[in-house]
Amino acid sequence: MILPLQPLWIVIGIGLWFLLFLLVTGIIIVGVVWWVINSNSDSADAEPTGDPTATSKDDATVTDPVCGMTVETETASAEADYHGDPYHFCSEICKDQFKEDPEQYL
Ligand SMILES: [Zn+2]
């Protein structure tokens, strides 16, 4: 007849582990809920900032008259003026070719 005496410390041990489990689970749930609420408000704030009025990007590209490459005017490797018009080139090589005989490329 040892059976009825045996479970007391096991019950206490399981009870403690169960309380610890509840505590950890509660913290995790609160953390997840907090994170979901925060990330929702973040994405709600982020949506209007992706605003479609930024139209100036595409205006900054021109075609290299020598090789036909698309060149960004901001980052063009070489520039030249011919009859007052600015021309942009992908490289100094294209610019030199253009300067040798501009009429050929216009
Ligand atoms: Zn080129």
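**Entry 1. Overall layout**

I began by counting the secondary structure elements, and I found 2 helices and 4 strands in the chain. Read along the sequence, these elements follow the order α-β-β-β-β-α. I noted at the outset that the model is predicted.

I then looked up the confidence of the prediction. The mean pLDDT of the chain is 84, and 77% of the residues score at least 70. Helix H1, residues 7–49, has the lowest confidence, with a mean of 83. Helix H2 has the highest, at 97.

Next I asked what share of the chain is buried. Buried residues account for 9% of the 106 residues. I also looked up the contacts between residues at least 6 apart in sequence, and 24% of them join residues at least 24 apart.

**Entry 2. The nonpolar core**

I looked for the largest nonpolar core and found that it has 6 residues. They are Val 71, Ala 76, Tyr 87, Phe 89, Cys 94 and Phe 98. Strand S4 (85–89) and helix H2 (92–100) are the elements that give two or more residues to this core. I recalled the general rule that nonpolar side chains in soluble globular proteins tend to be buried together.

I chose Cys 94 from this core and asked which residues it touches, leaving aside those up to four places away in sequence. Its contacts are Asp 64, Val 66, Cys 67, Ala 78 and Phe 89.

**Entry 3. The hairpin of S3 and S4**

I turned to strand S3, residues 78–82, and found that S3 and S4 pair in the antiparallel sense over 5 bridges. I followed two positions across the pair. Asp 81 has Pro 86 of S4 as its bridge partner, and Tyr 82 stands opposite Asp 85 in S4.

The two strands form a hairpin with 2 residues between them. I then examined His 83, which is found in the loop between S3 and S4. Its phi is near 50°, a positive value in a residue other than glycine.

Is His 83 buried or exposed? I recorded His 83 as exposed, because it has 6 C-beta neighbours inside 10 Å, and a residue with 12 or fewer falls in that class.

**Entry 4. The two sides of helix H2**

I asked which residues of H2 are buried, and the list is Cys 94, Lys 95 and Phe 98. They lie on the same side of H2, because they cover an arc of only 100° around the axis. I connected this with a general property: an α-helix has 3.6 residues a turn, so residues three or four places apart point the same way.

I then looked up what these residues face, and the buried residues of H2 pack against S3 and S4. On the other side of H2, I found that Glu 92 and Glu 100 are exposed.

**Entry 5. Two partly exposed residues of H2**

I examined Ile 93, which is also found in helix H2. I classed Ile 93 as partly exposed because 13 other C-beta atoms lie within 10 Å. Partly exposed is the class between the limits, since 20 or more would make a residue buried and 12 or fewer would make it exposed. Ile 93 and Ser 77 are 16 residues apart in sequence, and their C-alpha atoms are 9.7 Å apart in space.

My last residue was Lys 99, whose place is in helix H2. Lys 99 is partly exposed, with 13 other C-beta atoms within 10 Å. How far apart are Lys 99 and Ala 80 in sequence and in space? I noted 19 residues along the sequence and 8.0 Å from C-alpha to C-alpha.

Note on methods:
Residues numbered from 1 in each chain as written. Predicted model: local features only at pLDDT ≥ 70, side-chain atom pairs only at ≥ 80, totals over all residues. Contact = placed C-beta atoms within 7 Å. Core = buried A, V, L, I, M, F, W, Y, C linked by C-beta atoms within 7 Å. Pairing = 2+ DSSP bridges. Arc of directions from axis to C-beta. pLDDT = per-residue confidence, 0-100.
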